[in-house]
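Thanks for coming. I will take a few minutes to walk through one structure, part by part. Please have the sequence and the model open as we go.

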Amino acid sequence: MAIERISEIQLGDMLLVFEQETDFKRVGFYMMPAGMAAQDVCDRKFYRVNSLAQLKLMGDIYPNCYGNGQTMHNCETANLFEYDTQTVELEGEKTYIRTVMRDHRGYDLVNVITWYQGEESFEMKNIFTNHSEDMVTLEMIASFEMGNLTPFEEGMAPDTLTVHRLRSKWSHEGRLVSETVEDLQLEPSWSNWSVGVERFGQRGSMPVMKYFPFVAVEDTKNHVLWGAQLAHEASWQMEIYRQDDGLHISGGLADRDFGHWMKNIGAGESFETPAAILSVCSGDIDQLCHRLVSAGEKYVEQGPEEEQGLPIIFNEYCTTWGCPSHENIAGIIHAVKNRGFDYFVIDCGWFKEDGVPWDISMGDYNVSDTLFPEGLEKTVELIRDAGMRPGIWFEIDNVGRAAKAYELTDHLLKRDGHPLTTYSRRFWDMKDPWVKEYLGEKVIGTLRKYGFGYMKMDYNDTIGIGCDGAESLGEGLRQNMEASLDFVRQVKEELPDLVLENCASGGHKLEPLMMSLCSMASFSDAHETEEIPIIAANLHRAILPRQSQIWAVIRRDDSLKRIGYSIANTFLGRMCLSGDVTELSDEQWDVIERGMAFYRETAPVICKGMTRRIGPKITSDRYPQGYQVVLRTGVSGEALVVIHCFQGDLPETIEVDLTGCASQIANIYSYDKKADIHVKDQTLFYRTRENMSAVAVHLI
């Protein structure tokens, strides 16, 4: 079939190609590294142009080729949208590409690409408008569609394409899983007729559960990678689709089949999808992920000024385990005062009554007069007098079963007319004006009354497939989570200097939209485990390290080696300490404080740089074997090398190629100052000594 190009548009080092089949006017889209544009893109392929307008209207024909039930990709609605116009406009630092497609029945779809000058990725979204006289119902609408993978190999490119995903579960966030298209059974059939689909995603209000909203495809012969992230706080899906020689990826809201989602669009109304972040590059998976994640830099730079230097946090959760009081906080402050901590966070439990666990009592948010007999004023004053910014914990959206608010069912989410209830929680209806006023008083009012400069926003259960209140359960969920984000935006507007921490049982909300609103996030609920450095390194592929708050929980019985291991973990992101700080020896504090000084020294590299993970695959997170090296190179070439040795046999010497970065050793961190490390001919050599130990090197 004949295919003609509509346009070629270069954004930085990315070349975007829009095309259509001559017999139809469906718009297709693919891209490649601009530096490879001079090479012959292989035309010896049999592939159909898949419409950039991937959506499904109720009543239209579902896809054929055994697709129905697997996917709504390439249904009748998608195939009816024809190319109309395309414009490219420069507005300040942004370039907009708007591609207009029309359905003769009176529907428009505008695909909008936004590129920020100098970035190595761009955003894509779709806006559907109903110009007909009747209401229509969407069953699916994607944020992006990208095809013709790979354009550099003829035919179906056997043994060439690998799909990368980031799996996730509680305290095991960000595991990279790489599978060939053959293992995913995404080879085309002998007839090029039946469709193959790998659809995956998440249903509920914890967007990073099972998977991160991320997918990448690698051409392993030509070393080119294409990838996408979704910025969305509710149910989502990604699809890897194939019918012929061309592989396609798409994604957006979880559709009717996958996420119980339908949306009515009245005459004259429009609907806008969540944004997707897309990129392409030559290189490896770490380079592609760096390009996608770096899109978040512009939002972090707009945060509170003091955040730019990566302040060190003390959070008392792993000291008091959900039972903070004025008395025990006073003891903690005495132990940590003048030791270089910038923030002190009062975590969960400040509101609980005697004998009632914190995790079933959130929602009323009255300061406990047992734990804080004189209110929070004196405790906050102690924190400030110690030179630290006071912080406090809230679980804003959820209500525990022991709280009085649990019975306010008129203001809580429902499903099938019943309060939406899990074993320990119910959920505020975040669209309800009464709830907005209540939370404004309880959350914003508390922050303002006591002068808190930091809020940890936790979220410890999921709504699941959705809730009542809209035309579908999935749309009820989407609207509720958008209202939840609007409340966070309200907090930021009323308290612009407030530092926000994004937490959802650790890392269940580590997606680009929520991260754009927060200074940092709890990387995981892995507090004291051996796998912390593995998770922390994983997350370099999903969020900015400067936003990844990593626990270092120190116990009075910890050996110096164990303390050095825990402190080195935090060099992979933001340093957050907790634990038995009132009972530590001077020797233990020396290991900690040397680590704090090393962290401050290397903060510029943590803030801005490129990460490369080196070492064998770690098959078990809980019982890790072997070693892991994280090499982070700053924008000026300055570098940070963090090496963790796990269980099992270790090589006598670990070698790290320093090509492209600095090679002069400025400082070494190890628990006993005896690390055997040297650099020769742009290679770092580390002679290993002990299992379950860590060392870090600063190179200038």
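Before the first part, a word on terms: helices and strands here are DSSP runs, numbered from the N terminus, with at least four residues for a helix and at least two for a strand. A residue counts as lining a cavity if it has an atom within 4 Å of one of the cavity's grid points. And please keep in mind that this is a predicted model.

With that, the cavities. How many cavities of 30 Å³ or more are there? The count comes to six.

I start with the second largest cavity, which holds about 70 Å³ of space. Its lining is made of 13 residues, and those nearest the centre are Met140, Ala142, Gln237, Glu239 and Ser250. Three elements each give two or more residues to this lining: β9, residues 136-149, β16, residues 236-242, and β17, residues 247-253. Which element has the largest share of the lining? That is β17, with four residues. By class, the lining of this second cavity has five nonpolar residues, seven polar and one charged.

Now the largest cavity, with a volume of about 90 Å³. It is lined by 13 residues, and the closest to the centre are Asp397, Met457, Asp458, Lys509 and Met514. Here the largest share of the lining comes from a helix, α9, residues 473-494, which supplies three residues. The classes in this lining are eight nonpolar, two polar and three charged.

Next, a run of strands earlier in the chain. Strand β6 covers residues 94-103, and it is joined to β7 by 10 bridges, with the two running antiparallel. One pair to look at is Arg102, whose bridge partner in β7 is Asp108. The two strands make a hairpin with three residues between them, and Gly106 in the turn has a positive phi of about 110 degrees.

On to the next strand along, β8, residues 122-130. It is joined to β7 by eight bridges, again antiparallel. Leu109 has Phe128 as its bridge partner in β8. This second hairpin has five residues between its strands, and Gly118 takes a positive phi near 90 degrees.

So is β7 itself buried or exposed? Nine of the 10 residues of β7, which spans 107-116, are buried, so the strand is largely enclosed by the rest of the structure. Buried, for this purpose, means under 20% relative accessible area.

Let me move to a sheet later in the chain. Five strands form an open sheet in the order β33-β34-β35-β40-β37, with antiparallel pairing. The edge strands are β33, residues 609-614, and β37, residues 665-669, and each of them pairs on one side only. Neighbouring strands in this sheet are turned by 15 degrees against each other on average, with direction ignored. At the β33 edge, six bridges join that strand to β34, residues 627-634. Within that pairing, Gly609 stands opposite Gly634.

What packs on this sheet? Helix α13, residues 586-607, does, touching β33, β34, β35, β37 and β40, and its direction makes about 135 degrees with that of β37.

Just before that helix, Ser585 lies in the loop between β32, residues 574-579, and α13. Ser585 is partly exposed, with a relative accessible area of 33%. Ser585 and Phe341 are 244 residues apart in sequence, while their C-alpha atoms are 18 Å apart in space.

Two strands of the sheet come back in the second largest pocket, which has about 450 Å³ of space. It has 28 lining residues, and nearest its centre are His290, Ser294, Glu297, Leu544 and Gly609. Gly609 is the residue I named opposite Gly634. The elements that each supply at least two residues to the lining are α3, residues 285-293, α4, residues 297-300, β33 and β34. Of these, α3 gives the largest share, five residues. The lining divides into eight nonpolar, nine polar and 11 charged residues.

Last, one more hairpin. Strands β38, residues 676-680, and β39, residues 683-687, pair in the antiparallel sense over five bridges. Asp676 stands opposite Arg687 in β39. Two residues separate the strands, and Asp681 in the turn has a positive phi of about 50 degrees.

That is the tour; thank you.

Note on methods. Residues are numbered from 1 along each chain as its sequence is written. This is a predicted model: local features need pLDDT of at least 70, side-chain atom pairs count only at pLDDT 80 or more; totals for chains, interfaces and linings use all residues. Side-chain values use heavy atoms; hydrogens and water are left out. On a 1 Å grid over the protein atoms alone, a cavity is a set of points where a 1.4 Å probe fits but cannot get out, and a pocket is an open set with protein on both sides within 12 Å along at least five of seven lines; lining residues have an atom within 4 Å of a point. Grid points are joined across faces, edges and corners, and a volume is the space filled by probe spheres set on the points. Ala, Val, Leu, Ile, Met, Phe, Trp, Tyr, Cys and Pro count as nonpolar, Asp, Glu, Lys and Arg as charged, and the others, Gly among them, as polar. Buried means under 20% relative accessible area, exposed over 50%, partly exposed in between (1.4 Å probe, protein chains only). Two strands pair if DSSP finds at least two bridges between them. Axes are lines fitted to C-alpha atoms, for helices over the stretch in contact, and angles run from 0 to 180 degrees between N-to-C directions. Contact means heavy atoms within 4.5 Å.
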